[in-house]
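This report looks at backbone geometry, with attention to peptide bonds and phi angles that merit a check before further modelling.

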Amino acid sequence: MATSAAAPLGERDAMRRAIALAARALGATSPNPVVGCVILDARGRAVGEGWHAQAGGPHAEVVALRAAGERARGGTAVVTLEPCNHTGRTGPCAQALLDAGIARVVYAVADPTPAATGGAGALADAGVDVEGGLLADEAAAGNEAWLTSMLRHRPFVLWKYAATLDGRTAAADGTSRWITSPEARADVHRLRAEADAVIVGSGTARTDDPQLSARLPDTEISQPLRVVVDTTATAVRPGARVLDGTAPTLIAVAEDAEVGHLDGLAPVVRLPRAAGGRGLDIHALLAEVYGRGVRSVLLEGGATLAGAFLAADAVDKVVGYLAPALLGAGPAVLTDAGIGTISQALRLDVSEVHRLGPDLRVTAVPRHQHAAGAGPSAPGRAAASHPAR
Ligand SMILES: NC(=O)c1ccc[n+]([C@@H]2O[C@H](COP(=O)([O-])OP(=O)(O)OC[C@H]3O[C@@H](n4cnc5c(N)ncnc54)[C@H](OP(=O)(O)O)[C@@H]3O)[C@@H](O)[C@H]2O)c1
């Protein structure tokens, strides 16, 4: 898409714009990253911009070059991820930039995948002025899910919950609608739209009969894969809202579960049971959805399944919606995460506190996930294969 070519735009501002463009496709590009690109002409004016909108579609650089046309010659490409150097479902971006006569490439984050990496080197070898690392932390934060999935060889997992200030998810009589405000609930739909998959346990499926689709007004959104972890295939019955066809669904069951009643209603995957524990093996579940192209998971609970994910060290980020209300009794937000004593408390670092109507949204990252380098500033260390962008 063409941009107005008025005043020159600094490279930092162009990168900020490219990061914002990339974010438009969150939830739509997996197994690929989100990428944004701005083309500056030889005088530094923005003459083209683009983003990678979906896997298999043109890369951000190609979209931006098309918009810029001949004005790209002698100009600068500002791109959030190192241009790829391989032919996948589309051709290499490094070559497209050379063909367009780009003189300088500024990228934020190095591509950590063996198949795609090397674009910066190829461009430099061809005489292009190449600089990496501009606004790398911001750009990596925008690609956090994909970068983490490349590093860990499993999807990035964001656990989301809603609770009262005293950590309850329902009252003593079981009523729970609604704990948080419409603003907070709308924000959850945004999280769903940005995720590749939403996962709930059989307890939540049984109690709430949730639809789990992303519902946002006036927005073109990509629907996540809805996954119910239902070991004995007894929670999701014909007529369940999660089977309504508004988004794809997957029911994860044990190898010996009787699933005849789900015939033709939803795909079923059989997984091993958790060793010595309850339910299904969490890592097998994550490997299964990773194999289906899922790079980001929104774990929506409930408390039992969240505890199992935390005990399996499979939560990368936590988003808690806290309502300024007290219940004094009722189920807690988390049960049995394998923590028995205060010294074992899972400590988190708060990365953001945001007000949503009357509620607070607290975003936090488990400290050991930082230590393991799963955070956004760890690009370049992954060794996973990179499916063709
Ligand atoms: N406030 C919130 O943010 C929020 C969000 C979601 C849910 N909720 C509430 O939470 C309640 C449900 O929570 P819940 O704790 O009862 O159920 P849950 O966490 O949704 O589901 C737990 C069930 O998942 C199955 N499961 C499969 N694999 C497992 C594993 N590896 N480890 C543990 N469980 C596994 C187990 O049953 P099987 O093995 O028999 O399948 C287990 O009983 C509902 O009342 C719902 O409204 C609140």
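Where is W178 found? In this predicted model, W178 is found in the loop between β6 (156-164) and α7 (182-194).

## Cis peptide bonds

The peptide bond that leads from R177 into W178, and so into the loop between β6 and α7 just described, is cis, and its omega is near -10°. A cis peptide bond also runs from G301 to G302, where omega is near 5°. The second residue of that pair, G302, lies in the loop between β11 (296-299) and α10 (303-311).

## Positive phi at D313

Which value does phi of D313 take? Phi of D313 is near 60°, which is a positive value in a residue other than glycine. The residue belongs to the loop between α10 and β12 (317-323). With a relative accessible area of 39%, D313 is partly exposed, because this class covers the range between the buried limit of 20% and the exposed limit of 50%.

## Positive phi at D336

Phi is positive at D336 as well, with a value near 40° in a residue that is again not glycine. D336 has its place in the loop between β12 and β13 (348-356). Is D336 buried or exposed? The relative accessibility of D336 is 68%, and D336 therefore counts as exposed, since the class begins over 50%.

Terms used:
Residues are numbered from 1 along each chain as its sequence is written. This is a predicted model: local features need pLDDT of at least 70, side-chain atom pairs count only at pLDDT 80 or more; totals for chains, interfaces and linings use all residues. Side-chain values use heavy atoms; hydrogens and water are left out. Helices (H or I, at least four residues) and strands (E, at least two) are DSSP runs, numbered from the N terminus. Buried means under 20% relative accessible area, exposed over 50%, partly exposed in between (1.4 Å probe, protein chains only).
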